[in-house]
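Trainee: I want to know how the labels on a model like this one are earned. Please take me through them one at a time.

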Amino acid sequence: MKRGVCMAQLSQRERMMNYIQDRYGTEPEYLWAKYPNYAVFRQPASRKWFAAVMDIPRNRLELQGDDLVDVMDVKCGPLMVGSLLAQDGFFPAYHMSKSSWISVILDDTLSDEDIYPLLELSYDSVAPKRKKP
């Protein structure tokens, strides 16, 4: 967490990124010069992405306006995608497979505590599979 800054003063994007770094010990990777605010987080053992944090125009989520809004893509199963899309704060995945990823808007529509289990699920889903004895 940023030193001397109260968590409540941070944006939800900043809180999520801090949580990911603290919980999973992984740093954001900024892979695209054209999109300097797009960050991905990889599961350390598999090197697969489990979260992508971006700022995109609202109209890309079929919301009113073209101002930027922060979103985080997380991986989850098709059944979960379907059920989450029926709730406020969730959208079809931006720039990812819409059958196994979902976009979560990071504007405090959802509480941080509602998002943490989705991060856990996403992280676990890309972890290397254990070999059966």
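## From values to labels

Trainee: What do β1 and β2 form, and how many residues are between them?

Mentor: They form a hairpin with 6 residues between the two strands. Arg47, in the turn, has a positive phi of about 70°. This is a predicted model, where local features need pLDDT of at least 70, side-chain atom pairs count only at pLDDT 80 or more, and totals for chains, interfaces and linings use all residues. Residues are numbered from 1 along each chain as its sequence is written, and side-chain values use heavy atoms, with hydrogens and water left out.

Trainee: What makes a run a strand or a helix?

Mentor: DSSP assigns the runs: helices are H or I with at least four residues, strands are E with at least two, and both are numbered from the N terminus.

Trainee: Why are β1 and β2 said to pair?

Mentor: Two strands pair if DSSP finds at least two bridges between them. Strand β1 (residues 39-42) is joined to β2 by 4 bridges, so the rule is met. These strands run antiparallel, and Ala39 stands opposite Val53 in β2.

Trainee: Which other strands pair by this rule?

Mentor: β2 and strand β3 (residues 68-75) are joined by 7 bridges and run antiparallel; Ala52 stands opposite Asp73 there. β3 and β5 pair over 5 bridges, again in the antiparallel sense, with Met72 opposite Val104. Strand β4 (residues 90-92) is joined to β5 by 3 bridges and runs antiparallel to β5. Val104 is also the bridge partner of Phe90.

Trainee: Why is β2 called largely enclosed?

Mentor: Buried means under 20% relative accessible area, exposed means over 50%, and partly exposed is in between (1.4 Å probe, protein chains only). Of the 9 residues of β2 (residues 49-57), 7 are buried, so the rest of the structure largely encloses this strand.

Trainee: How do you know that both faces of β5 are covered?

Mentor: In a regular strand, side chains alternate between the two faces of the sheet. For β5 (residues 101-105), one side carries Trp101, Ser103 and Ile105 and the other carries Ile102 and Val104, all of them buried. That gives 5 buried residues of 5.

Trainee: Are Trp32 and Tyr38 buried or partly exposed?

Mentor: Trp32 has a relative accessible area of 34%, so it is partly exposed. Tyr38 is at 10%, so it counts as buried.

Trainee: What makes two rings an aromatic pair, and how many pairs are there?

Mentor: Rings of Phe, Tyr and Trp (its six-membered ring) pair if their centres lie within 6.5 Å; planes under 30 degrees apart count as stacked, over 60 as edge-to-face, and the rest as tilted. The structure holds 9 such pairs. Trp32 and Tyr38 have their ring centres 6.4 Å apart and their planes at 80°, which makes the pair edge-to-face. For Phe41 and Phe50, the centres are 6.5 Å apart and the planes are at 50°, so this pair is tilted. Phe41 and Phe50 are both buried. Ring pairs also link these two with Tyr19, Tyr24, Tyr116 and Tyr123 in a cluster.

Trainee: How do you know that the length of α3 agrees with what it should span?

Mentor: The expected span is 1.5 Å times one less than the number of residues. Helix α3 (residues 112-125) has 14 residues and should span 20 Å, and its end C-alpha atoms are 20 Å apart, so the two agree. For α1, with 13 residues, the reach from first C-alpha to last is 18 Å, close to the expected 18 Å. Gly25 follows α1 and has a positive phi, near 65°.

Trainee: Why are the buried residues of α3 said to line one face?

Mentor: They are Asp112, Ile115, Leu118, Leu119, Ser122 and Tyr123. Seen down the axis, they fall within an arc of 135°, so they line one face of the helix. The arc is that of the directions from the helix axis to the C-beta atoms. Among the elements that cover them are α1, β2 and β5.

Trainee: What does Asn59 touch?

Mentor: Contact means heavy atoms within 4.5 Å. Not counting residues up to four places away in sequence, Asn59 touches Gly65 and Asp66. Asn59 lies in the loop between β2 and β3; at 41% relative accessible area, it is partly exposed.

Trainee: What is the mean pLDDT of the protein chain?

Mentor: The mean is 91, and 92% of the residues reach 70 or more; pLDDT is the predictor's confidence in each residue, from 0 to 100. Among the elements, helix α2 (residues 78-84) has the lowest mean, 90, and β1 the highest, 98.
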